[in-house]
Amino acid sequence: MRVAAVLSAICAAVLTFAVAGCGTGGYTDGGSQGAGKQLFTQACGVCHTLADAGTAGTIGPNLDDAFAQARVDGMTPDTFTQVVAVQIRFPIEMTSTGAPGMPAADDTLPSCDDVEGDAFCVRDQDQAVADIAAYVAAVAGTGVTADAPTDGKSIFTASCGSCHTLADAGTAGAIGPNLDEARPPKALVVDRVTNGQGAMPSFKDSLDSQQIEAVSAYVSSSAGR
Ligand code: HEC
Ligand code: HEC
């Protein structure tokens, strides 16, 4: 079970980096859940589904599923926080199967000193890790799902904005085409969101047909305006 593997890696990581004694919870603390939620949506949601954040990424594991069992097994909130922090700091960037793993912290949470323009970045990476860890630990796998967003703009911000620029939504992603320039008709948006293409994942397992309809209507009506 992956979470258990991450957990056992914590002691090693903590000892290696001499940050704190294992199990004392000193690996990260003082995170703010509110800030963490927003950062998660910007930095992590593109790859991870997390119901509370309303994100539907499918490149990495569904974090509600990944942590639900650990919660049942009685993992304490503090341990949980450490697991998430370690994952962000020491991800497996290349998996044994050769499939792309999770990017390094300098890629998921790039420092504003290294980023030009208005792309996503953080001023204090340690604080960002603490905030995200506190947030994910509090909500992942609780089964207490905030209502998944149903309005197109919120769905776009949570699931699409980190890869696509769309001025109306205030997003500046550069992995996929700039949608203000592409101005895709609705049918094309529905097709891409449902089936994916190239580097764009399919969302048909993470967004229901109503959400796909809403985000497609939003993109086709707001792009280029
Ligand atoms: C580009 C895609 C991508 C981004 C962005 C990303 N992850 Fe991941 N994440 C992955 C992949 C892929 C894995 C599985 C890697 C592996 O097998 O080791 C993973 C694994 C994880 C796990 C372990 C889940 C488990 O089942 O044990 C956690 C926790 C996690 N990510 C949290 C985060 C957080 C928090 C962020 C934001 C700071 C983030 N991820 C950003 C792709 C991503
Ligand atoms: C991981 C990054 C990523 C995410 C997340 C993502 N896209 Fe894309 N998107 C791409 C890439 C890359 C392409 C270009 C695919 C190709 O043609 O090879 C693309 C293409 C598109 C196109 C076609 C544009 C054109 O003119 O050809 C639309 C429309 C689109 N995406 C909408 C969305 C919407 C809506 C979402 C959220 C539900 C989304 N994308 C999420 C990366 C992403």
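Which atom of ligand 1 is 2.7 Å from an N or O atom in the side chain of His48? I looked this up at the start and found that it is a nitrogen atom of ligand 1. I note that the model is a predicted one.

**Entry: the shell around ligand 1**

I next listed the elements that give two or more residues to this shell, and they are helix H3 (63–72) and helix H4 (77–89). Of these, I recorded H3 as giving the most, with 3 residues. The shell has 21 residues around ligand 1, and those that come nearest are Cys44, Cys47, His48, Gln87 and Met102. I then sorted the shell by class and obtained 14 nonpolar, 6 polar and 1 charged residues.

**Entry: the iron atom of ligand 2**

I turned to the iron atom of ligand 2 and asked which protein atoms serve as its donors. They are NE2 of His164 and SD of Met200, lying 2.0 to 2.1 Å from the iron atom. I placed both donors in the chain: His164 is in the loop between helix H7 (152–159) and strand E3 (165–166), while Met200 is in the loop between helix H9 (186–195) and helix H10 (209–222). The pair therefore ties together parts that are 36 residues apart in sequence.

I also checked the geometry. The 6 donor atoms around this iron atom subtend angles of 87 to 179 degrees, so the arrangement is octahedral.

**Entry: accessibility of the two donors**

Are His164 and Met200 buried or exposed? I entered His164 as buried, because its relative accessibility is 11% and buried means under 20%. Met200 has 23% relative accessibility, so I entered Met200 as partly exposed.

Key. Residues are numbered from 1 along each chain as its sequence is written. Chains are lettered from A and ligands numbered from 1 in the order in which they are written. This is a predicted model: local features need pLDDT of at least 70, side-chain atom pairs count only at pLDDT 80 or more; totals for chains, interfaces and linings use all residues. Side-chain values use heavy atoms; hydrogens and water are left out. Donors are N, O and S atoms within 2.8 Å of the metal (3.2 Å for Na, K and Ca); water is not among the atoms, so sites may look incomplete. Four donors count as tetrahedral if all angles lie between 85 and 135 degrees; four count as square planar and six as octahedral if opposite donors are over 155 degrees apart and all others between 65 and 115; anything else is irregular. Helices (H or I, at least four residues) and strands (E, at least two) are DSSP runs, numbered from the N terminus. Buried means under 20% relative accessible area, exposed over 50%, partly exposed in between (1.4 Å probe, protein chains only). A residue is near a molecule or strand if one of its heavy atoms lies within 4 Å of it. A polar contact is a pair of N or O atoms within 3.5 Å; within protein, one must be able to donate a hydrogen and the other to accept it, and residues adjacent in sequence count only if both atoms are side-chain atoms. Ala, Val, Leu, Ile, Met, Phe, Trp, Tyr, Cys and Pro count as nonpolar, Asp, Glu, Lys and Arg as charged, and the others, Gly among them, as polar.
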